[in-house]
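Me: I am new to this structure and would like to understand how its descriptive terms are earned. Could we go through them one by one, setting each value against the rule behind the word?

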Amino acid sequence: MDTLLFLSPSEAGTPLSKQALEALAVTKQLAGALGTTFSVGLWGANPSADELAACGAAKFFVVAGAEFSEPRYATDAAAAEALGRASGATVLIGPAGSRWNRTLAGVAHRLGGRADSHVTGVSSEGGTLGIARWYYRQRMEGILTRTQRPWVLAVETGIAPAWQGEAGTAPVEAVACAPGAARTKVTGIADQAAGQQTIRPDADLLFVTGAGWTKKQPDGQVKVGEAEPLILDFLRLARASLGSTKSLVDLHGEGQATLTFLTHMNQVGQTGSTPRHAKGLSTCCHGEEPHTVGWRFIGERRAISLDANCGWARGKADVLYVADAFAVMAKVNASLGEKTEI
Amino acid sequence: MPEYQIVVCGSVVPDPLQTLEPVAGPAGPALKNEMMLPAWLDPWAGHALYEAANLAAKNPGSKVWLVALGPKAKLQQAMMTLAQKVPFELVAMDGSASGFTDAAETAAALAEAIQAIPGLDRSRMLVFGGWESASRGAGATMQIVGEILGITDQFQGVDEIAIQPDGSFQVLERIEGGRHLVSVCESAPALLGWATGNLPEPRNNPQVGMANMRTIMPALQKAKPTKVGAEGVTFASVSLPKQSRDTRVVKDMPPEQIAAEIVDWITNK
């Protein structure tokens, strides 16, 4: 029978992220469905399991030390490996954030197991653990089981509600871990080049901009200068995250007039990200499958386009407004501005 | 100036503009008409290769290898274009580049090929690759390659490497919220899984192409048959998403009214 371990970096005084609590919920649900137990493994400078005291874990393991506070492969992998060995778990589950995503496969290798990332579903049919994940840039979904153990998983956000419970006092077992002297030092976090943050993974709404913002408008003029404040104002007022089609981001490299705050980090779709948000509003986008895979994990979708037959929207969006995005977004911003003032 | 020995891992993927359809093959899932689909170098592996060539050009005495596992015919197809971009020496393995193979098996094959490169000085080695592939998309292969090679200074989602005067290098890795984690590594060896990087695709250079092809064709001819699969994995299904939305198309509605609908929709939780 499988035994489960939830893994996450942690610091006393800093609550675990929503994504980590979702992964904990997945672990707990899975343990219940498989009729087995689960443990919690945390690492950091001074990790605390007290906020998870009521989660139902059989044991709480921690690796503590100043060197484990920084997000660094060598120390993260060493800590997760030590926790995996101490727990004896056959299935290790962590949140698919940047820190766990870049560590889990190395940890699986050290433990003699295998890893699967970007897990978008788990199942326990017939008492056997199965997972769902996507292949070929979200073009097709595979459902699979594995015989190898330990099986190390990174689960995507949005597949379970975050675990909630009362804090208390969790009895922790300290696990020794000596990763050796680090040759890599973390020196900081660099924000995006543009002043305003445009990527917000926790936002309810994804706002997708297409190359149409930079093309000639019905009056024959290019209005990039008008587009920029319209888009930035909307992001600020709606607290939305900004995605972009590849064609719009690529205009940068081609020396054409484009939106100055866009980078490849904003790109969604085939060679970009596939963000997960409750709602999505696309504007001035065009194209057919496979460009629309950027929409794959968006719940409710609406689009504004001058093309009534746009492949990005037809069959992909719930509502397509055939209209001028400049005119509509100006009105949307005005209305949102009034609501904000109230 | 440090002299690097840069090994780039990268393989071929189907042209993403093609329609991809899964089918059941004798050894598990596969793509319909897979051998007929045009192939090109995996996009993120391409960025890794261009960054490697740029780094080598800035640090005279450095050298770039491309270690590629894929069907020989497909590798040859991709090399016709790639060879003209930047100078490199190809190490080819003839095997599956399917997204349904296991990252651990692919990584083992890549690591074995790297270990077999004659005269490779691992104290000067930087291993590059894409942080994920456009096929499996797991972000796992490069981590395991690094582990097999004993490299624990690993970076994923890299957009920049900057060599410092003391020989250390600064790396920018993508993290949540469109930000970068900034780290400084003392020296090689290290492993970098690249995201987009900062370089445009190099222009075709026929002279580079001619020089590369002198070693690429022999490398392809002696490409070692390499078996990779997905041992221990059972796919219950692989399917295309079927859901098509019943789109309500709104025409001839004034902008004010559309805006009101959109604001209601956005603000209504």
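**Sheets, helices and the contact between chains**

Reply: In this predicted model, ten strands with mixed pairing make up an open sheet, in the order S11(A)-S11(B)-S10(B)-S9(B)-S12(B)-S8(B)-S1(B)-S6(B)-S7(B)-S13(B). Strand S11 (184–190) of chain A and strand S13 (224–225) of chain B stand at the edges, and each has a single partner strand, so one side of each is left without a neighbour in the sheet.

Me: How do you know that strand S1 (residues 5–9) of chain B and strand S8 (residues 125–130) of chain B pair?

Reply: Pairing requires at least two bridges between two strands, and S1(B) and S8(B) share five bridges, in the parallel sense, so they count as paired. One place to look is B:Gln5, whose bridge partner in S8(B) is B:Met125. Helix H1 (residues 43–58) of chain B packs on this sheet, where it touches S1, strand S6 (63–70), S8, S9 and S12 of chain B, and its direction makes about 150 degrees with that of S8(B). Helix H2 (residues 72–82) of chain B also packs on the sheet, touching S6 and strand S7 (89–94) of chain B, with about 155 degrees between its direction and that of S7(B).

Me: What makes S9(B) mostly covered?

Reply: A residue is buried if 20 or more other C-beta atoms lie within 10 Å of its own, and seven of the ten residues of S9(B) are buried, so this strand is mostly covered. With strand S12 (residues 190–194) of chain B, S9(B) runs parallel and is joined by four bridges, and B:Gln154 stands opposite B:Leu191 there. With S10(B), the pairing of S9(B) is antiparallel over five bridges, and B:Ile163 stands opposite B:Phe169. The hairpin of S9(B) and S10(B) has five residues between the strands, and in it B:Gly167 takes a positive phi near 90 degrees.

Me: Why is B:Ser168 called partly exposed?

Reply: The word buried needs 20 or more other C-beta atoms within 10 Å, and exposed needs 12 or fewer; B:Ser168 has 16, and is therefore partly exposed. B:Ser168 is found in the loop between S9 and S10 of chain B. Its C-alpha atom is 5.7 Å from that of B:Cys185, although the two residues are 17 apart in sequence. Leaving aside neighbours within four places in sequence, B:Ser168 is in contact with B:Val184, B:Cys185, B:Glu186 and B:Ser187.

Me: Why are H3(B) and H4(B) called oblique to each other?

Reply: The axes of helix H3 (residues 103–115) of chain B and helix H4 (residues 141–148) of chain B come within 8 Å and cross at roughly 45 degrees. Angles under 35 degrees count as roughly parallel and those from 65 to 115 as roughly perpendicular, and since roughly 45 degrees fits neither range, H3(B) and H4(B) are oblique to each other. The crossing in which H3(B) passes H4(B) is right-handed. On the side of H3(B), the contact is made by B:Ala103, B:Ala104, B:Thr106, B:Ala107, B:Ala108, B:Leu110 and B:Ala111, and on the side of H4(B) by B:Thr141, B:Ile144, B:Val145 and B:Ile148. These residues comprise nine nonpolar, two polar and no charged.

Me: How many residues does each chain bring to the contact between chain A and chain B?

Reply: Chain B brings 71 residues to the contact and chain A brings 75. On the side of chain B that touches chain A, H6(B) gives the most, with ten residues. The residues of that side divide into 37 nonpolar, 22 polar and twelve charged.

Me: How do you know that strand S8 (residues 140–146) of chain A pairs with S14(B)?

Reply: At least two bridges are needed for a pair, and six bridges join S8(A) to S14(B), so these antiparallel strands meet the rule. Within this pairing, A:Gly142 stands opposite B:Val238.

Me: Which strands stand at the edges of the six-stranded open sheet?

Reply: Its order is S13(A)-S12(A)-S14(A)-S15(A)-S16(A)-S15(B), and the pairing is parallel. The edge strands are strand S13 (241–244) of chain A and S15 of chain B, each of which pairs on one side only. Direction ignored, neighbouring strands of this sheet are turned by 20 degrees against each other on average.

Notes: Residues are numbered from 1 along each chain as its sequence is written. Chains are lettered from A and ligands numbered from 1 in the order in which they are written. This is a predicted model: local features need pLDDT of at least 70, side-chain atom pairs count only at pLDDT 80 or more; totals for chains, interfaces and linings use all residues. Axes are lines fitted to C-alpha atoms, for helices over the stretch in contact, and angles run from 0 to 180 degrees between N-to-C directions. Helices (H or I, at least four residues) and strands (E, at least two) are DSSP runs, numbered from the N terminus. Angles under 35 degrees count as roughly parallel, over 145 as roughly antiparallel, 65 to 115 as roughly perpendicular and the rest as oblique. A crossing is left-handed if the near helix is turned anticlockwise from the far one by less than a right angle, and right-handed if clockwise. Two residues are in contact if their C-beta atoms, placed from the backbone, lie within 7 Å. Ala, Val, Leu, Ile, Met, Phe, Trp, Tyr, Cys and Pro count as nonpolar, Asp, Glu, Lys and Arg as charged, and the others, Gly among them, as polar.
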